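Biologist: Please take a close look at one part of this model, the shell around the ligand, and then set it against the rest of the chain. A connected account would be better than a list.

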Amino acid sequence: MKKPKTALLLVSQMRKNCIADEMIIRKFKKEDLKEILEMTEQTWDGFSFDQVLEQKFGRKGKSWWERKADSLKEFIETHPEWVFVAEEEGKIVGYATYSLNREREIGEVLSNAVHPHWRGKGIGGTLHRKVLEELRREGMQAVSLVTSEKHIPAIKMYESAGFKEIWHSTYYAKKL
Ligand SMILES: CC(C)(COP(=O)(O)OP(=O)(O)OC[C@H]1O[C@@H](n2cnc3c(N)ncnc32)[C@H](O)[C@@H]1OP(=O)(O)O)[C@@H](O)C(=O)NCCC(=O)NCCS
């Protein structure tokens, strides 16, 4: 299938230990949704607050990753224009979602994820930089995001892109 030139960013990775030689970062297409949702469990395992709740209090109804897939699906179907994907060997290996608040001129980085098999090769960082570039292009003057102190790779990625902590919050829970 011929891909539109303007939507593609061919990235030659020169990083050490990098086997992601020719990664394509591009805007989301409808056909990508299935692949994105299929990797939810593997991709978010260990990085989900709902998973912690499920481990602590047991599962009722849908599993943590089905809930995550539902919320991703809802977001992507509502705002397919706010999603970038990373493609390797014709497969979706990562994605990054974001949003724009045009009135406040603040963008938000939302779900960033790379399939575990493809981590540590520069894909997440490249997707993240693409989102920041797009937010700038859209006229945003600032960008915010929320993460957990347990998400060490994500924290490294954000701090390396220049983000500074401006707020700290703690989630509590107890059995009733
Ligand atoms: C966060 C995530 C998207 C990073 O993707 P990735 O492709 O592995 O990241 P990269 O290889 O591009 O690395 C990006 C930066 O993070 C650092 N990093 C990546 N994995 C790391 C790890 N396990 N420990 C420490 N630093 C790490 C890299 O050194 C790099 O830093 P640099 O730019 O200073 O060189 C990926 O780990 C992931 O999918 N995590 C699970 C979902 C998640 O937590 N998403 C964020 C929610 S807020």
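Modeller: For sorting the shell by class, Ala, Val, Leu, Ile, Met, Phe, Trp, Tyr, Cys and Pro count as nonpolar, Asp, Glu, Lys and Arg count as charged, and the others, Gly among them, count as polar. By that scheme the shell around the ligand holds 9 nonpolar, 9 polar and 3 charged residues. The model is predicted, and the shell around the ligand has 21 residues. The closest of them are Arg 119, Gly 124, Gly 125, Pro 153 and Ser 160. Two or more shell residues come from each of α2 (40-44), β5 (106-114), α5 (123-137) and α6 (152-160). The largest share is that of α6, with 6 residues.

Now the chain as a whole. The protein chain contains 6 helices and 6 strands, and from the N terminus on their order is β-β-α-α-α-α-β-β-β-α-β-α. Of the contacts in the chain with a separation of 6 or more, 60% are between residues 24 or more positions apart. Of its 176 residues, 24% count as buried.

For burial, strand β3 (residues 83-88) is a useful case, since 6 of its 6 residues are buried. In a regular strand the side chains alternate between the two faces of the sheet. In β3 both faces are covered, with Val 83, Val 85 and Glu 87 buried on one side and Phe 84, Ala 86 and Glu 88 buried on the other. Strand β2 (residues 22-27) runs antiparallel to β3 and is joined to it by 4 bridges; there, Ile 24 stands opposite Glu 87. Strand β4 (residues 91-101) also pairs with β3 in the antiparallel sense, over 6 bridges, and in this pairing the partner of Phe 84 is Ala 96. A hairpin is formed by β3 and β4, with 2 residues between them. Glu 89, in the turn, has a positive phi of about 50°.

As for confidence, the protein chain averages a pLDDT of 91, and 88% of the residues score at least 70. Residues 1-19 stay under 50. Where pLDDT is low, the predicted coordinates should not be read in detail. The model has 26 contacts beyond four places in sequence for residues 1-19.

Definitions and conventions. Residues are numbered from 1 along each chain as its sequence is written. This is a predicted model: local features need pLDDT of at least 70, side-chain atom pairs count only at pLDDT 80 or more; totals for chains, interfaces and linings use all residues. pLDDT is the predictor's confidence in each residue, from 0 to 100. Two residues are in contact if their C-beta atoms, placed from the backbone, lie within 7 Å. A residue is buried if 20 or more other C-beta atoms lie within 10 Å of its own, exposed if 12 or fewer, and partly exposed in between; C-beta atoms are placed from the backbone. A residue is near a molecule or strand if its C-beta atom, placed from the backbone, lies within 6 Å of it. Two strands pair if DSSP finds at least two bridges between them.
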